[in-house]
Amino acid sequence: MKILLTGANGYIGMRVLPLLLDLGHEVVCAVRSADRLSVDKEIKNKIEIIEVDLLDDIKPNLFPKDIDAAYYLVHSMTSSNSNFSKKEQTTAENFNAYMKETSIKQVIFLSGIVNEDNLSEHLESRKNVESILYKGDYNLTVVRAGIIVGSGSASFEIIRDLCEKLPLMITPKWVNTKCQPIGIRDVLKFLTGVLGKEETYNDSFDIGGPNVLSYKDMMKGYAKVRGLNLTIINVPIMTPKLSSYWLYFVTSTSYKLAANLVDSMRINVIAKDHRLQDILGIEPHTYEEAIEMAFVKIEQNQVISSWKDSKVSSRYSQKDLNKYIKVPKYGCLHDHQSMKANDPQKALEKIWAIGGKNGWYYANILWKIRGYIDKLSGGVGLRRGRTNKDKIFSGDSLDFWRVLMADKEERRLLLFAEMRVPGEAWLEFFIDDKGVVHQNATFRPKGLKGRLYWYSMLPFHYFIFNGMLTQICKAS
C-alpha cells in the first residue's frame, strides 16, 4: 500500500518507518523539516518526503491523491508550549482537510488510554483529537496506549534516571497511581497489525502489557532487572510543583514536560479490554521483559529513536531552528582554531562521537559544571546526552546543543546551543581536503550582557577548545 506517515521523525514514527518498508509498502513521510528526518541515505532513497506544518494554512495538492492509509503520530506537547491542546486541535482539523483531497481508506491514530472521568490536560487533548479524527472522510482505527517502555522512550528514560541515580527516594503520593505499561515492540506490532484490518475500522482499542502496576512497582521492577538496591519512602507533602522540580533536577526531562507528566501521573491508566489483542493474536511481553529488551538495544548501540531528539526537549520550535542553519558572519564574535589531523578519518570518527558519555575530550569536568549551571538556570544542561555513541543525524540533541547539520561525506558537523546564554551560539567542525580540522565557535551577542558573557568566557574557550581540538587530531 501507499502509506502516509505523519510525525515520521518522532519517537514512534522513526520505529514504524523501517517496519513499513520491510513489509513492502510505499511510504510518504510528512515532516516539518526534511533535514530533521534522522535516517540513513539508504532509507531516504526508498521514501518520499513532504515538508508540512499542520499548524499552517492548507496548501492545495500537497499530498499524493493515491494514499491508501495514514498513521497520525503528530503530537504538540512541547516543553515550550503551554497551549498544546489548541494546537493539537488545529493540526487534527488540518489533517482532515488534507485527507479530503486523497483516496485514503484508513487512518491509524496512536492515542492515550482515556478511561477515567477526570483526565489530565494532556489526555483530554488526546481524547479531543480522537473525536476530530472520527469526523474525517476515512475509516479511523484508534490504538490507545499508556506507559510505553522501550529504549529512548520518555517513561523508560525517566525511570532509568531515577533508579540509577537514587538508591533512596522520597517520593510523592502519585507513585501509587496504577498504570499498565507496554513494551515498544508490542506497540509496533499492534500499529502494523491493524493496517488494512477491516475489523478494526471506526473503533478505538486499549492496549497494555499483562502487568497492572503502580509507578512505585515499576521502579522496583526496574531495580530488580538491573540488580539495584532501591528504597522508596512515600510522603504526602510533595505538591505537583515540587514533584515537577524533583523530576526536572534528577532526570533528563525539562521542567514543563515534567509538569505535564506529573499532571498525567495522578490518573490511573489501565486498559478496559483486550479485544485488539484477541483480533491480532498478540501476546504482549511483561514489564520486566520489556526492560530487558530495552537494554539489549542500548548495549548493542541500536537505539533507533529517543524522545530527547524531538522538539519536546528543545527551547526552540522547529521553525526557529530552521533559521539558524546558516551561520551569521556580521555582528558576531568568533573563535576559530585549526589543526592538521594525524589521521583525518579517525578525527572525523571522533567528531561524530563527541558528547554524551564519550565526553568532549578535554576538561570534561568544566563541561559538566557548565551543564549544571545551565540546568540551575532552567536550561537543558547536559542531561540529554546523545542517542547513539557513534551515529549522529541532523535534528538530534547533543547534550546542550542541537545538531543543525551532520554531513559525513562533506565532513562537517554544525551545532547550535540550546543552553541559556545572552545571545545565540554555534559550534562547527569541518575537515578540509588537506586533512586540517577547523573548529569554529560563533556567538551573536544580545546587548551588552552578551558581549560581557563572551569576553568573560574567552580564557576558558581558548583553554577548552584548543585542548578539545588537540585530542580530536591525535591519531589514537
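## Exercises: helix pairs and single residues

Helices α3 and α4 cross in a right-handed way, meaning that the near helix is turned clockwise from the far one by less than a right angle, whereas anticlockwise would make the crossing left-handed. The model is predicted, so local features need pLDDT of at least 70 and side-chain atom pairs count only at pLDDT 80 or more, while totals for chains, interfaces and linings use all residues. Residues are numbered from 1 along each chain as its sequence is written, and side-chain values use heavy atoms, with hydrogens and water left out.

**Exercise 1. Work out how α3 and α4 lie relative to each other, and what their contact is made of.**

Step 1: find the two helices. α3 covers residues 84-99 and α4 covers residues 121-133. Helices here are DSSP runs of H or I with at least four residues, strands are runs of E with at least two, and both are numbered from the N terminus.

Step 2: check the angle. The axes are 9 Å apart and the helices pack at about 15 degrees, so α3 is roughly parallel to α4. Axes are lines fitted to C-alpha atoms, for helices over the stretch in contact, and angles run from 0 to 180 degrees between N-to-C directions. Under 35 degrees counts as roughly parallel, over 145 as roughly antiparallel, 65 to 115 as roughly perpendicular, and the rest as oblique.

Step 3: pick out the residues. On the α3 side you'll find F84, S85, E88, Q89, A92, E93, F95 and N96, and they meet E121, H122, S125, R126, N128, V129, I132 and L133 of α4. Contact means heavy atoms within 4.5 Å.

Step 4: sort them by class. The contact of α3 with α4 has 6 nonpolar, 6 polar and 4 charged residues. For this sorting, Ala, Val, Leu, Ile, Met, Phe, Trp, Tyr, Cys and Pro are nonpolar, Asp, Glu, Lys and Arg are charged, and the others, Gly among them, are polar.

**Exercise 2. Do the same for α5 and α7.**

Step 1: α5 spans residues 154-165 and α7 spans 215-226; their axes come within 10 Å and cross at roughly 70 degrees. The two are therefore roughly perpendicular to each other.

Step 2: the handedness of this crossing is right-handed.

Step 3: α5 brings F156, I159, R160, L162, C163 and E164 to the contact, and α7 brings M218, M219, Y222 and R226. Sorted by class, that contact has 7 nonpolar, no polar and 3 charged residues.

**Exercise 3. Now describe the pair α14 and α15.**

Step 1: take α14 at residues 364-376 and α15 at residues 447-473, whose axes come within 11 Å and cross at roughly 145 degrees.

Step 2: α14 passes α15 in a left-handed crossing.

Step 3: L366, W367 and R370 of α14 meet Y453, F463, I464, F465 and M468 of α15. By class, the contact of α14 with α15 has 7 nonpolar, no polar and 1 charged residues.

**Exercise 4. Compare two residues that have a positive phi without being glycine: D399 and N61.**

Step 1: place them. D399 is in the loop between β15 (397-398) and β16 (401-407), and N61 is in the loop between β3 (48-51) and β4 (69-72).

Step 2: read phi. D399 has about 55 degrees, and N61 is near 60 degrees.

Step 3: buried or exposed? D399 is buried, at 4% relative accessible area, whereas N61 is exposed, at 58%. Buried means under 20%, exposed over 50%, and partly exposed in between (1.4 Å probe, protein chains only).

Step 4: look around D399. Leaving out residues up to four places away in sequence, D399 touches G355, G356, W360, V380, G381, L382, R384 and G385. Its side chain also reaches the backbone nitrogen of G356 at 3.1 Å. A polar contact is a pair of N or O atoms within 3.5 Å; within protein, one must be able to donate a hydrogen and the other to accept it, and residues adjacent in sequence count only if both atoms are side-chain atoms.

**Exercise 5. Find what S338 meets far along the chain.**

Step 1: S338 sits in strand β14 (residues 333-340) and, at 40% relative accessibility, is partly exposed.

Step 2: H438 is 100 residues away along the chain, yet the two C-alpha atoms are separated by 4.4 Å.

Step 3: beyond four places in sequence, S338 touches V436, V437, H438 and L469.
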